[in-house]
Amino acid sequence: MKPSQLAVSVGKTAAAAMRAGALVLIALVALLPSTHLWAAIDRGEPVSRPHTALGESDFARSATVETIRYPTLQMADAMAPPARSDASNPPNTAKPHKADTPPSGLSPLDRIQDWLARANREYQTTVIPRLSVPTPESIAAEKRKVEEAQQAEEARKAAEQARLAEEARKAEEAKQAEEARKAAEQARLAEEARKAEEAKQAEEARKAAEQARLAEEARKAEEAKQAEEARKAAEQARLAEEARKAEEAKQAEAARQAAEQARLAEEARKAEEAKQAEEARKAAEQARLAEEARKAEEAKQAEEARQAAEQARLAEEARKAEEAKQAEAARQAAEQQRLAEEARKAEEAKQAEAERQAAEQARLAEEARKAEEARKAEEQRQAADAQRKADEAKSLAEAQAKAEEAKKAEANRQHAAAADAEPDGEPSAEPMPPEAIPSPGTDAAQKLPPSTSGEESDSDLQEETAQAPVKSQQNHANHVRRAATKRWISRMHRDRCPSSGRRITPPGYYRVQSGDSLWRISRRHYRAGARYRRIYRANRSRIRDPDLIYPCQMIYVPRRH
């Protein structure tokens, strides 16, 4: 048992003993009122058992024996005042005294003390006077008994000394045994403390290894989660792009069919208007060319101003470089003092760097393995995209063939309806076949003859009223063609640069895709678009204007920090 446990056990035992003693004392106090002693105290009489009358010698002898046996009574008698003899009373008679009456309103303990005091006074006034005149026989017997008592006391003292010597020897042996036990206990506690320290160190090492393992698993899980999120985002973007392209193709097809129908219905009457429109287009083209020449001149002037500002900036940077050179000289002076201290730390850093490089090599090997897996997955995806594009081209060719057949059938139907609607007796020109109807803006459309009649016909009035909606349809068709042309150009760039737009791990080279900007590339690789200046500074030889980059262009993306 440990000392702390032993102290706790002793404390519990002492507390239990105190509670038991308190219970016994409470029980005694509760039982006192029913005893004869309590009744005697209440009456103010000394407690005495009934006895027969004794002679003076027997009484004196019994008092002497009681005095020897109970020395505390003798001390109490010595403390009491001596009884004075009175001539009016014989020596063997008790001195009259007044009856003691106990005061009221006392606690049980005070009542017991008051009763003891009254009993002592009773003893002093009744018993002591009768024992004041001893007889010769009682004196002899008393001396004999005193001698026997002295002998017994000496024998008791010798036995007490022998017992004390034995107890001292046993206490010494117990003390030595206790010291040996304490030494063994201290050795055991030291061994337990050492084992506990070793167990604690082993537990800390295990926890550190566990934390490192959990951190590695969390990092791998985060990387896998990011890769999965990027794949899902790319898949969603691809699906959205396909849906958008399908919708645009559908709208373009509907607009094309509507424009084709309007063109087939109105093309014969629009030859003259087409010629005028061509002239207006040429005038607008000339105006546009003049405007582009003016903008080119302005761009040239802006470029010259930018170059002048760039030269001023380079001069400012040269000045700052000179100042930095001076500051560097001052810093090197302080650096030489710091190198002495860093030389000592370099060895420790070297060891730590060796460990870090080992971990870095393991990480690079893992990244190389993942990159190889990603490359294989990308090749599979590209093969699937190529197959999908071939299927789309095939379906598009079939749709175009069907649309051409539907267009021819519709043209034949419209010409037949126009022939049926002509009134009898009026000369009518033979309708032109669909293949002979020229497109607007061509040379054939410009060579069409004007109307043979000199008067304005109803068809001419209808042509003027239908001119506005036809032009709006033409504008919509031109817009659709321009959008399709842009998508075709973007697809051509993407097919020419299959790796364009692929995210890299900085530092590395990134291939620009259509629609990219330095801000978007910085936000994609640094998660902050405002850091595009870092990419621009690293590609001064490739990028002259940060707002002007081209598809399939290779740019260097430096490290984040």
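This report describes a predicted model of a protein, moving from its overall make-up to one helix, a pair of strands and a pair of aromatic rings.

## Overall make-up

The secondary structure of the protein comes to 12 helices and two strands, and along the sequence these elements follow the pattern α-α-α-α-α-α-α-α-α-α-β-α-α-β. Of the 561 residues in the protein, 13% count as buried, while the accessible surface comes to about 42400 Å², with 57% of that area belonging to carbon and sulfur atoms.

Among the contacts in the protein with a separation of 6 or more, 66% are accounted for by residues that stand 24 or more positions apart.

## Helix 5

Helix 5, which covers residues 108-130, has 23 residues and reaches 33 Å from its first C-alpha to its last, close to the 33 Å expected at 1.5 Å a residue. Helix 5 nevertheless has a kink of about 30°, and this kink is centred on Gln124.

Gln124 is also one of the buried residues of helix 5, a group that further includes Asp114, Trp115 and Arg118, together with Thr126, Val127 and Pro129.

## The two strands

Strand 1, made of residues 508-511, pairs with strand 2 in the antiparallel sense, and the pairing runs over four bridges. Within this arrangement, Arg511 stands opposite Met554, a residue of strand 2.

In a regular strand, the side chains alternate between the two faces of the sheet. For strand 2, which spans residues 554-557, the covered face consists of Ile555 and Val557, whereas Met554 and Tyr556 make up the uncovered face. Met554, the residue opposite Arg511, therefore belongs to the uncovered face of strand 2.

## An aromatic pair

A pair of aromatic rings is described by the distance of the centres and the angle of the planes. The count for this protein comes to two aromatic pairs. In one of them, the rings of Trp519 and Tyr532 have centres 6.1 Å apart and planes at 45°, and the pair is tilted because that angle falls between the limits of 30 degrees for stacked and 60 for edge-to-face. Trp519 lies in helix 11 (residues 518-526) and Tyr532 lies in helix 12 (residues 532-538), so the pair ties together parts that are 13 residues apart in sequence.

How exposed are the two partners of this pair, Trp519 and Tyr532? Trp519 has a relative accessibility of 44% and so counts as partly exposed, and Tyr532, at 22% relative accessibility, counts as partly exposed too. Both values fall in the partly exposed class because buried means under 20% and exposed means over 50%.

Notes:
Residues numbered from 1 in each chain as written. Predicted model: local features only at pLDDT ≥ 70, side-chain atom pairs only at ≥ 80, totals over all residues. Heavy atoms only, no water. Expected span 1.5 Å × (residues − 1). Bend = angle between axes of the 7 residues up to and from the residue. Buried < 20%, exposed > 50% of the residue type's maximum accessible area, 1.4 Å probe, protein only. Phe/Tyr/Trp six-rings, centres within 6.5 Å; stacked < 30°, edge-to-face > 60°. Pairing = 2+ DSSP bridges. Contact = heavy atoms within 4.5 Å. Areas by Shrake-Rupley, 256 points an atom, 1.4 Å probe, with all protein chains shown as cover.
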